[in-house]
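Reader: I have a model open and I'd like to learn how to read it feature by feature. Can you walk me through it?

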Amino acid sequence: MNSWISSPQDSRISLRFVLLCGTLWQRHDNKGKTRKTRKSPRGDSPLVYLFLCLLSMPWRVEERESVVVVGINTNETNSVNDSFLNDAEATLTLLETREPTPVIFTGTGRSFSAGLDMPHVFQSELKFREFFPRLTMMFYRLFKLPLPTVAAINGSAVGAGCVFSLLCDFRVAAEGDHLIGLNQIRLGQPMPSVVLEMLRNALPNTIEWTSILLGVLYSPIEALENKFVHQVVPADRLMATCEALLAPLPRPLIPAYARMKRILQSPVVERVGRRIPESVDEEQVRLGVLFVQQIKKMAGNRKKLSGSSSGNSVATMMTE
C-alpha cells in the first residue's frame, strides 16, 4: 500500500512535476494543430485549473494495490459548502487526469457527508444563486466519471451527501445508528431538476417518489431494503468489502467499463447536459429566498423568547 497524494503538502510537491509536464505539453501542442481542450467549470485554461485544484486539495487520495481510496475530510461532518466543492472539484480533476483506476469514496470522520451547510448556503440570495449551479456541476462530473466508483458509507449520508453516494456506481454502507436519505423536502428545498434526472439512474421509480417527496431518512438496513445501498456490512469490513467488489475490474478493463457506463448513462446525459448552466431556475431561487426569510424570522422569535442568540443556527432550528 502506498499513498499517491495523501496530504496538501504532497500535492504541492507533485504540483511542480504537473506544471512542468503541462508546460511542455502546451509548447509541443503550439507547434502543431490547435487542439480542442475541455474548459474547466471555472472557465480557466486546463493547466491553470489543474494548478488551482491541486494547490487546494486536502482530501486524502491513497493508492492501494488495485484501487484508489478517497478520504472525504473537508470538515468534521463533511457538510457541503464552498470548501467541500473546492475539495471535490480538485479530487475529480486529479482522478480524471491520472491513470484510470477504480475509486472508493469514504468519509474520514463520523459522517460520510451530513448534507448542505445550511447557514453557509442560505446566507443570501446571491450565495444561493452562485452555489447551486456549482454544486450541480460537481455532481454531474461525479456521475460521468469514467471509472468504477464505490461509496463506502461509513456514517450518515443525508441530503446532498446522500446524492453524492447515489451518483457513485455502487454503494456499501456500514452497520450503525447513522441515517441515509434525501431529506431536502423537509428543508423546503426541491432538488435541481438536473440532479433528479441523474438520481433516476440510481433509484427505482417507486422508491424515488416515496423517498424524495416524503424526505424519508433510513437506517442502513432500511436503506438496503429501499435500494439506496447494495450491501450493509460490519464497519470493520467496510473497506475490504468495497475492494472485493471492485476486484473483478482491474485497470486493463477500465476503458471497456467506461464505454459501457457512458452508453448506459447516455439518455440522462442527453437530457441534462445542455441544462447544467441553468440548473437553478427562478422558482427554486424564489423558494430559497423564502426559506432564508423563514429562518431569519424563526431566529428572531427564538431570540425574543430566550433573550439570547445562542442556538440560532439553521441546522439546530430545522431539527426541532
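Author: We'll go from the overall picture to cores, a helix, strands, rings and a few odd residues. Keep in mind that this is a predicted model.

Reader: Let's begin with the overview. How many helices and strands does the chain have?

Author: There are 13 helices and 11 strands. Of the 320 residues in the chain, 48% are buried. On the outside, about 16,200 Å² is exposed, with carbon and sulfur atoms supplying 56% of it. For contacts with a separation of 6 or more, 74% come from residues 24 or more positions apart.

Reader: Next, the interior. Which residues touch the most other members of the largest nonpolar core?

Author: The general idea is that in soluble globular proteins, nonpolar side chains tend to be buried together. Here the largest nonpolar core has 62 residues, and Leu 116, Phe 139, Phe 164, Leu 182 and Phe 228 touch the most other members. Helix H5 (residues 125–144) is the element that gives the most to this core, with 9 residues. There is also a second, separate core of 14 residues, which includes Val 69, Ala 152, Leu 238 and Cys 242.

Reader: Zoom in on Leu 116 for me. What is Leu 116 in contact with, leaving aside its neighbours within four places in sequence?

Author: With those neighbours set aside, the contacts of Leu 116 are Val 80, Val 121, Phe 122, Phe 131, Phe 132, Leu 135 and Ala 160.

Reader: Now a helix. Which residues of helix H10 are buried?

Author: A bit of geometry helps: an α-helix has 3.6 residues a turn, so residues three or four places apart point the same way. In H10 (residues 238–246), the buried ones are Leu 238, Met 239, Thr 241, Cys 242 and Leu 246. They span an arc of only 160 degrees around the axis, which puts them on the same side of H10.

Reader: And what covers the buried residues of H10?

Author: The cover includes several strands: E3 (68–72), E4 (103–107), E6 (149–153), E8 (170–174) and E11 (231–233). Take E8 as a closer look: 4 of its 5 residues are buried, so E8 is largely enclosed by the rest of the structure.

Reader: How do I read the pairing around E8? Which sense does it have with E6, parallel or antiparallel?

Author: Read the direction and then the bridges. E6 and E8 pair in the parallel sense over 4 bridges, and Ile 153 has Ala 173 in E8 as its bridge partner. E8 and E11 also run parallel, joined by 3 bridges. There, Ala 174 is partnered with Val 233 in E11.

Reader: I also see an open sheet. In what order do its strands come?

Author: That sheet has 4 strands in the order E5-E7-E9-E10, with mixed pairing. Its edge strands are E5 (111–113) and E10 (217–218), each pairing on one side only. Inside it, E7 (residues 156–158) and E9 (residues 180–181) pair in the parallel sense over 2 bridges. Ala 157 stands opposite Ile 180 in E9.

Reader: On to rings. How many aromatic pairs are there in the whole structure?

Author: A search finds 7 aromatic pairs. One of them is Trp 59 with Phe 164, edge-to-face at 6.4 Å centre to centre and 75 degrees between the planes. Trp 59 sits in the loop between helix H2 (46–56) and strand E2 (60–63) and Phe 164 in helix H6 (residues 160–166), so the pair ties together parts that are 105 residues apart in sequence. Phe 105 and Phe 164 also form an edge-to-face pair, at 5.3 Å centre to centre and 85 degrees between the planes. Both Phe 105 and Phe 164 are buried. Ring pairs link Trp 59, Phe 84, Phe 105, Phe 112 and Phe 164 into a cluster.

Reader: Last one: backbone oddities. Is Asn 78, with its positive phi, buried or exposed?

Author: Check phi and then the surroundings. Asn 78 has phi near 55 degrees, a positive value in a residue other than glycine. Asn 78 is in the loop between E3 and helix H3 (82–97), and it is buried, with a relative accessible area of 0%. Lys 227 has a positive phi of about 70 degrees and is not a glycine either. Lys 227 lies in the loop between helix H9 (220–225) and E11, and Lys 227 is partly exposed, with a relative accessible area of 49%.

Terms used:
Residues numbered from 1 in each chain as written. Predicted model: local features only at pLDDT ≥ 70, side-chain atom pairs only at ≥ 80, totals over all residues. Heavy atoms only, no water. Core = buried A, V, L, I, M, F, W, Y, C linked by side-chain atoms within 4.5 Å. Buried < 20%, exposed > 50% of the residue type's maximum accessible area, 1.4 Å probe, protein only. Contact = heavy atoms within 4.5 Å. Arc of directions from axis to C-beta. Pairing = 2+ DSSP bridges. Phe/Tyr/Trp six-rings, centres within 6.5 Å; stacked < 30°, edge-to-face > 60°. Areas by Shrake-Rupley, 256 points an atom, 1.4 Å probe, with all protein chains shown as cover.
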